[in-house]
Amino acid sequence: MSAHSDTIAAIATPPGFGGVGVVRVSGADSQTLAIRLFRSARPDFAGFRPSVLHHGTLVDADDRPLDDVLAVFMPGPNSYTGEDTFELHCHGSPAVLEAALAACFALGARPARAGEFTRRAFLAGKLDLTQAQAVAELAASATRQEAALALTRLEGLMGRRVRDLRARLESLRQNVCLAVDFPEDDVECLDPEAFAAEVESVAKRVDELARTHRQAKPFREGMLAVLAGPVNAGKSSLLNALLGRERAIVSHQPGTTRDFLEERLDLSGLPVRLADTAGLRVASDAVERSGVAMSRKLMDEADLVLVVADGSLDFPDHGLSGEDGPLSLDPARTLGVVSKADLPRARRDPAQALAGLGIETVAVSSRTGQGLDALTERMRARLLAGRDLPGDDQPAPNAREAALLEEAGRELDALLQETRSGLPPDLLGVRLESACQNLAAITGEITSQDVLDSIFSRFCIGK
């Protein structure tokens, strides 16, 4: 538990104009600020009822009206931070919000630091560290699936799983301590076979949790899909059609795209970095040669290569080669896109030629929208093909937690080997303690100030 003598304030809603903006205040003087800054619209107003929105006028330190607002006071410990908390729900004008914040500062509040509200909630025991990090992850979620992963963690499932595993290890530590303290006791307090079996069971669960991080990684970090192919095949038009807006310049002149463009695409919860690249051909100048080289580099790095071929031109007259010769396409991570499906088909159909290379194809028209839904469905299916995805009841650790789980797993694997080799109990205890500390660091029960500073510095101010 942690009590703070100072009171903090910040705007809790994103910058810019909006219907509603929120100013949040937390700390010992929150109620004083609430009484001083709020004038109820009700003549019979008798003070704030906890956690109830009240309608009235926001005034500054000189009693000048600033806005028509809703205000709510939440006394600690039954608040987000565990402290007395006051919120002003103003109109979402930046000028109004800044004036409201300035009024809070004039009455003694100080500006909140990044993540300070959630840090106070963590220090007050309202959240464990897995839940605190989930707050930031949920606020930054760009897709439904990413938000669902964060919400599972915010509900505390990750912390509960880790605490259960740590409790099992702590029970083993007690047995080890008994064996060390009473080596001559007639009672067997450390059965080697049962001890090894429990260590192996916990190690398996730790590994399963760490593996879930790798399973969820595509939904957190996104995957790379690259539009590649010859010049004038329709790559930039396809990028614009998939995004639903004009992002890339489209021209009949070959070589318009000389650098790559990258945009974010949401494929039913799967975040995808979609890159439009320079057309593949023997370049006419150094700048275009650099663009073609970058195209081939991105194709090598891509999780999925979308080879775009103009369905109205004979294949391979418009080529699938460039400065470095013909493309080498891996059918497992290549999807053919036959563009301009609204035009008459060529005699030598690109779809047939690509099928001959073992490459699946989808016909689309960027102009009419034909085939775009089928393309996005196939893109998602191909990107996730062969991947073991986390279930709804599986909490997915973030990178920090996964690293600690992997370290705990290494300690337990070593402990298992040492147990089977007959190492004395006092030496076994060292491995157990290290594994327990790694698990405790996940939930924040053992965490340095430097680690906390690093974690909460990544939060937005006001959360």
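Trainee: Which residue is the bridge partner of alanine 9 in β7?
Mentor: In this predicted model, alanine 9 has proline 111 as its bridge partner in β7.

Trainee: What makes β1 and β7 a pair?
Mentor: Set the count against the rule. Two strands pair if there are at least two bridges between them. β1 and β7, the latter covering residues 110–111, have 2 bridges, so they meet the cut-off. They run in the parallel sense.

Trainee: And what makes β1 and β2 a pair?
Mentor: Try the rule again. There are 4 bridges between β1 and β2 (residues 18–26), and at least two are needed, so the two strands pair. Here the sense is antiparallel. Among the residues involved, isoleucine 8 stands opposite serine 26 in β2.

Trainee: What lies between β1 and β2 in the hairpin?
Mentor: There are 6 residues between the two strands of the hairpin. Look in the turn for glycine 16, which has a positive phi of about 110°.

Trainee: How do strands of a sheet pair in general?
Mentor: Through backbone hydrogen bonds, and the strands can be parallel or antiparallel.

Trainee: Why is the pairing in this sheet called mixed?
Mentor: You've already met both kinds: β1 runs antiparallel to β2 and parallel to β7. The open sheet has 7 strands in the order β3-β4-β5-β6-β2-β1-β7, with mixed pairing.

Trainee: Why are β3 and β7 said to stand at the edges?
Mentor: Each has a single partner strand, so one side of each is left without a neighbour in the sheet. For β3 (38–40), look at β4 (residues 54–59): the two pair in the antiparallel sense over 3 bridges. One of the matches is arginine 39 with threonine 57 in β4.

Trainee: What packs on this sheet?
Mentor: Helix α1 (residues 30–37) does, touching β2, β3, β4, β5 (65–74) and β6 (85–92). Its direction makes about 55° with that of β3. Another helix, α3 (residues 116–123), lies across β1, β2 and β7, and runs at about 135° to β1.

Trainee: How do you know that threonine 85 is buried?
Mentor: Compare its value with the cut-off. Buried means under 20% relative accessible area, and threonine 85 has 4%, so the label fits. Threonine 85 lies in strand β6.

Trainee: What makes the threonine 85 and serine 79 link a polar contact?
Mentor: The limit for such a pair of N or O atoms is within 3.5 Å. The side chains of threonine 85 and serine 79 make their polar contact at 3.5 Å, so the distance meets the limit. The side chain of threonine 85 also reaches the backbone oxygen of glutamate 83 at 3.1 Å.

Trainee: Why is glutamine 133 called buried?
Mentor: Same sort of check: its relative accessible area is 11%, and the cut-off is under 20%, so glutamine 133 counts as buried. You'll find glutamine 133 in helix α4 (residues 129–139). Its side chain has a polar contact of 3.2 Å with the side chain of asparagine 398. The residues glutamine 133 touches include Arg153, Ile455 and Phe459.

Trainee: How do you know that valine 307 is buried?
Mentor: Its relative accessible area is 0%, which is under 20%, so it passes. Valine 307 lies in strand β11. Its C-alpha atom is separated by 9.3 Å from that of leucine 354, though the two are 47 residues apart along the chain.

Trainee: Which residues have the most contacts inside the largest nonpolar core?
Mentor: That core has 29 residues, and those with the most contacts are Leu238, Leu265, Leu270, Leu274, Leu306, Leu375 and Met379. The elements giving two or more residues include α7 (192–221), β11 (304–310) and α11 (372–384). The largest share, 5 residues, comes from α11. There's also a second, separate core of 27 residues, with Val162, Leu172, Leu415 and Leu439 among them.

Trainee: What share of the chain do buried residues make up?
Mentor: They make up 47% of its 463 residues. The chain has 14 helices and 15 strands.

Notes: Residues numbered from 1 in each chain as written. Predicted model: local features only at pLDDT ≥ 70, side-chain atom pairs only at ≥ 80, totals over all residues. Heavy atoms only, no water. Contact = heavy atoms within 4.5 Å. Axes fitted to C-alpha atoms, helices over the stretch in contact; angles between N-to-C directions. Core = buried A, V, L, I, M, F, W, Y, C linked by side-chain atoms within 4.5 Å. Buried < 20%, exposed > 50% of the residue type's maximum accessible area, 1.4 Å probe, protein only. Polar contact = N/O pair within 3.5 Å; in protein donor to acceptor, adjacent residues only side chain to side chain. Lists of a residue's contacts leave out its neighbours within four places in sequence.
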